[in-house]
Each structure stands twice: as structure tokens, then as C-alpha cells.
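Let's take a walk through this structure, one piece at a time. Keep the view open beside you and follow along.

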Amino acid sequence: MPELTIVDDEFRIGDEPLQIISGSLHYFRVHPEQWADRLHKARLMGLNTVDVYVPWNLHQPHRDGPLVLDGGLDLPRFLDLAAAEGLHVLLRPGPYICAEWEAGGLPSWLLTDPGIRLRTGDPRYLEPVARYFALLLARVRPHLATQGGPVIAVQVENEYGASGLRDTAYLERLVTLLREGGVDVPLFTSDQADDLADGGLPGVLRTVNFSGDATAKLQSLRKHQPSGPLMCAEFWSGWFDRWGGGHGTRPAADKAATLDEILSCGASVNIYMLHGGTNFGFTNGANDKGHYRPTVTSYDYDSPLDEAGDPTEKFWLFRDTIAKHAPVPAEPVPPAGPKLDLQGIRMTESASLLTQAVRLGTPQRAARPLTMEELGQAFGFVLYETVLPAEGPGTLRLSGVRDRAQVFVDGQPVGTLERENHETALSLRSPAPNSRLTLLVENQGRVNYGPGLRDWKGLEGPVSFNGETLTGWTTTPLPLTTLEDVGFSDGAVEAGPAFHRGTFEVRSPADTFLHLPGWSKGNAWINGFALGRYWSRGPQRSLYVPGPVLRQGVNEIVLLDLHGVHTPVVHLRDRPDLGPAE
């Protein structure tokens, strides 16, 4: 593909002016067999570009490990598919990406050094970044427009102006790493209007992010950047959801009007999101502005393409709006795909998590509870066990819960402590000396934005009972990356935290939505594919199941429910339930 250049106040591809009309699409939030479909629909909406984040934490899960680029992380394949569809690509490699993604894309192993200063020139941070960029950029270089590929521009960091760090030398070092890695296409930064002064660099194109009031925000950008193309790098046409809130929506007509305003100004735009997708597995992020708030599994984002990739009202209004400013393909847009409806699937086997833990993780003994990071663990749960020193009533105190601790005495549940509610103490009774104390702690998602990025998981600090610090801990990591070692049994449903398994038959695999009425909180897998978290508090009350996850014939479903269920039945339905709109 021809390369992108900046001439005066416009982008050019070759000798032709280019108004970038882009949409964000995260390959890591979409099943890889559905990438081509989503890219095709992007072009049919009238987009000429897609915008792509790169999650460092998934691509390099171990500090000294190789780059992971297979399956759903095959970035080169995704870039090839974009090129085949005739789309340009804006690449956003971070290292920090935010994206409502676990830790903003930063790998948890960075936190093994408690003094590390993230997103700064601290060598403890920059040296791993340099190694990562060297690995990543070697694979990206062949896909740059200067090499005939689709990547026309690359972002430097992400909304750095909002970080409050003001480490210009850090941003300059990232520019050097990108250039030394062979990135010879234009670079850009993106910040909200109030942060433009602190997030940019001389010689690097500034862009602005906003939801509305487009003319004023673009004028603010022009004040900070007297020349060069105007661009909104994130036009927020929807929003994300948190557990316990409502389903975020933004009126389609209002957002279409803002899009028209941007394009009428002659500015380029990236619609965030074109297609949100799903926080599969344990990958959702969280926010903490005084109150910890984990993000839900669905990243539907009220996008033009919904979580299943089907066009919404916003798709058609945006397509009509774009058609006023640029050519839109006359090809027919594929209708909504078929959906599977299969109700009354019974879970016939179960297994207690507490008794299965030794088969799922390797226990480690220490005087104090170990954090997830000390265990070398990124996602999932940690099981902590010790003994209570005396019989009788008392108060259990935890220095910090990251993020939700279920408490058991001799295997019996006695309460739950949640970071979200700032809970750190619980009254309980020890039935006898040396009664067994067990705490099952869930990482509900590391903070992805703001000053709370150093978000250690598990138990933070000492645990005491009636003022006496408890020692002699056994800590078992439970990342649940595979469930092959779970020993299921037929018959009675296990109480408390337990795995439940059932099977169902499918004639023609298709997208569907897993509904779990009567279930409490936990995680779901189908045929070993981690769908994500569910929670009865809502707003989300169903989980998206990509059609490629299913197979013709017998399929397996496994749930880990943390509190128990009365009737072990689930349903596959042809529509989602994302909860009431905010």
C-alpha cells in the first residue's frame, strides 16, 4: 500500500489527500475466525482504516519469554486480513493502552519489583519495554506501509497527558525505540482536550479524544498544534459497563450528528469502538477513583457492530453520515447471523474447588500470604490457608483485599470481604483450637487507568485474628488456564465454590448467548474456551458465545460458581441480556 505523508494541514496517500475515517477493532477481543467478517463490515460501513491496540500482557506473559503470536494473538495475520480488505491500519502498541483492559495492557510481572515507577523513564520499566518493542517491531516492520503493508501510522504511548507524570524524556525514549525498531511511518499521540499540553512531543502529530462538542475540541487541538491535520483519534460513540451499574448507551442520532460535525470540519476520525467485542477469560480491567469498579465481561460498547458483530442502528446512521463525505461501497451488508437457541441444559457433574485446589495449583508455604505477583501468576484466584490459634469468637482483619475474599472456617463459609466496599474485617467464631482458616481471593481485574496501575492482587499485608498476626500460610495459585485436572463426580451438586459440568448437542454451530438465571457469580467455559465472568448483580446477565467455539455434535460447558446454585440448569438463547440502559 502507498505510505502516509503529512503535507501542510492534510494527510496524503501517495499524491492523493486522505481523510482518515477509521474505527477501533481489537483483535484480542474477537475470535480469530471472525476477524475477516468484522473487517469486511468495517469497509462496508465506509471506513478506510481500522485502529488496533496491542496488549503487551498477553503477547509477553513472562518477563524473559518469547513473543506469543498465535491463535487469537496472531497480529501479523490480522494485519494481513486488514490489507486484504483494502483497509489502512493505525497501530497503537502502547506499551500502555488503557482500553478498559487488565492493567491497561501492562504485564503483571512488572509488579514483582514493588518500587517500579510505571510509564516513566525508570530503568526497571523502560528496559522491559525496550525488549518487548524489539520483539514486537521485528514482526510489525513487514506490515508497515513503507514496506507495502497496511500500517500507515503508529501511536506513541496512550493518553499520556492524563497520567499526571509529565515525563517528557520517557515519551522521547519511546519515540527512539520505535524509530530504532524500524518504524518509519508517521507517529502520533492522542489525548483529551484538557491534556494536550502534557501528552505531546515536538515533531509528533497530536490528536484529540472526545465524545461531543467536536468543533470546540478540534479548535483546542489547533491551539496546541498550529499546523498539521486535525484528527479525533477516539470519538467515543458509546461507553463501557461496570458490575453493579447500568448498560451504557449513547443515542445513535446524536452520535451520528457529532460524526458529521467532525467530518464537515475536514478532520479525520477514529470511531471508538467500531466493534467492541468481549473481555474473554479474566481480561477485563477496572477503575479506581476512590472506589474500585471492575469492568464487565461484555465490551459491546454500544458500537455500530454489536458484540456478535451484527449491524446496529448506529451502523446504518454512521454509514449514511460517512456517505455524505466519502464514497461508501455499494455492496450489500451481510444481515445478522443465525443464532442458536437451546434451553434447559442440565449440569450433571460437579467438583468442589476447595478440595480440587491441590490438583489445580502448586501450594507454596511461607510465613505470610504471598501475592499473585510473588507467585508468578497473572489472572484467576489464590487460595490461602492457615490455622486459627484459639477457640471462640473473634475479629479477622486483612490489611488489604485485592479484590474479593471468601472466608471459610473448617470448610464452612462465614462471609465475604470486598475491596469495592472497602471491607477488611469480619467477625467469626473458631469452633476449636487450630481450626482451618481458608480464604479464596479473586483478582477481579487490575486497574487500567489513573494512578492505581500498581495493582497487586491477592492479600496485601498481614492477616490477624483478635489482634494476633497469623503465620504459617499455604498459598495455592489457581490461574485456571486449564481445567483438565478437575475431578468431576456425578450426582449431588457440590455446595460453595464448585465446578459444574454438562453437555449439549449442536447440529449447526452458530453464535449464541449463555444465560445463567439462578447462578451467583463465577466463570464459564465452553469446550475449554474461557467465555469470561458472570455475576448476578448485573447489569450483564448473559455471556456471548462465538459460533466458532461450538462444534457439531456434543459440546461441553463448565461453570465455576463461587456461592452455589439451587437448580443446576443453564440456557443458550438467541439474544443477549446486557441489562437496563443507563
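Let's begin with a helix. In helix 5, the residues Y170, L171, L174, V175, L177 and L178 are buried. How do these buried residues sit around the axis of helix 5? Looking down that axis, you'd find them within an arc of 160°, so they line one face of the helix. There's a general point behind this kind of pattern: an α-helix has 3.6 residues a turn, so residues three or four places apart point the same way. Now turn to the other side of helix 5, where A169 and E180 are exposed. The length works out as well: helix 5 covers residues 168-180, and at 1.5 Å a residue its 13 residues should span 18 Å. The end C-alpha atoms of helix 5 are indeed 18 Å apart, which agrees. Keep in mind that all of this comes from a predicted model.

Next, the barrel. Here 8 strands close up in the order 4-5-6-7-8-9-10-11, with parallel pairing. On average, neighbouring strands in this sheet are turned by 30° against each other, ignoring direction. To see one piece of the barrel, pick out strand 7 (residues 151-155) and strand 8 (residues 187-192), which pair in the parallel sense over 2 bridges. If you start from Q155, its bridge partner in strand 8 is F188.

Strand 11 (residues 268-275) has something worth a look too, as M273 lies in it. The peptide bond joining Y272 and M273 is cis, with omega at about 5°. You'll find another cis bond running from G94 to P95, where omega is near 15°. P95 belongs to the loop between strand 6 (88-92) and helix 4 (123-140).

Stay in that loop for a moment, since A99 is found between strand 6 and helix 4 as well. Its phi is near 60°, a positive value in a residue other than glycine. Why point these spots out? Most residues other than glycine have a negative phi, and most peptide bonds are trans. A99 has 2% relative accessibility, so it counts as buried. D410 also has a positive phi, near 50°, and is not a glycine either. This residue sits in the loop between strand 20 (404-409) and strand 21 (412-418). Is D410 buried or partly exposed? With a relative accessible area of 42%, D410 is partly exposed.

Now for antiparallel pairing, have a look at strand 17 (residues 381-388). Of its 8 residues, 7 are buried, so strand 17 is largely enclosed by the rest of the structure. Which strands does it pair with? One partner is strand 23 (residues 435-442), paired in the antiparallel sense over 8 bridges. There, E385 has T438 as its bridge partner in strand 23. Another partner is strand 27 (residues 473-478), again antiparallel, over 5 bridges. In this pairing, V382 has P477 as its bridge partner in strand 27.

On to the aromatic rings. The count of aromatic pairs comes to 25. One of them is the tilted pair of Y132 and F133, with 5.9 Å from centre to centre and 45° between the planes. Y132 has 0% relative accessibility, so it counts as buried, and F133, at 1%, counts as buried too. Another pair is made by Y299 and Y301, whose ring centres are 5.2 Å apart; their planes are at 50°, so this pair is tilted as well. Y299 is at 1% relative accessibility and counts as buried; so does Y301, at 3%. Zoom out a little and you'll see a cluster, in which ring pairs link Y53, W236, W239, F240, Y272, Y299 and Y301. Y272 is a familiar name by now, as it sits on one side of the cis bond to M273.

Rings can have a charged neighbour over the face, too. R119 lies over the face of Y96, at 3.7 Å from the ring centre. Likewise, R537 lies over the face of W535, at 4.6 Å from the ring centre.

Let's finish in the loop between strand 13 (292-294) and helix 9 (313-323), which is the place of P311. At 19% relative accessibility, P311 counts as buried, because the cut-off is under 20%. From P311 to G337 the separation is 26 residues in sequence and 10.0 Å in space, C-alpha to C-alpha.

Methods. Residues numbered from 1 in each chain as written. Predicted model: local features only at pLDDT ≥ 70, side-chain atom pairs only at ≥ 80, totals over all residues. Heavy atoms only, no water. Pairing = 2+ DSSP bridges. Helix = DSSP H or I, 4+ residues; strand = E, 2+ residues; numbered from the N terminus. Axes fitted to C-alpha atoms, helices over the stretch in contact; angles between N-to-C directions. Phe/Tyr/Trp six-rings, centres within 6.5 Å; stacked < 30°, edge-to-face > 60°. Buried < 20%, exposed > 50% of the residue type's maximum accessible area, 1.4 Å probe, protein only. Lys NZ or Arg CZ within 6 Å of the ring centre and 35° of its normal. Expected span 1.5 Å × (residues − 1). Arc of directions from axis to C-beta.
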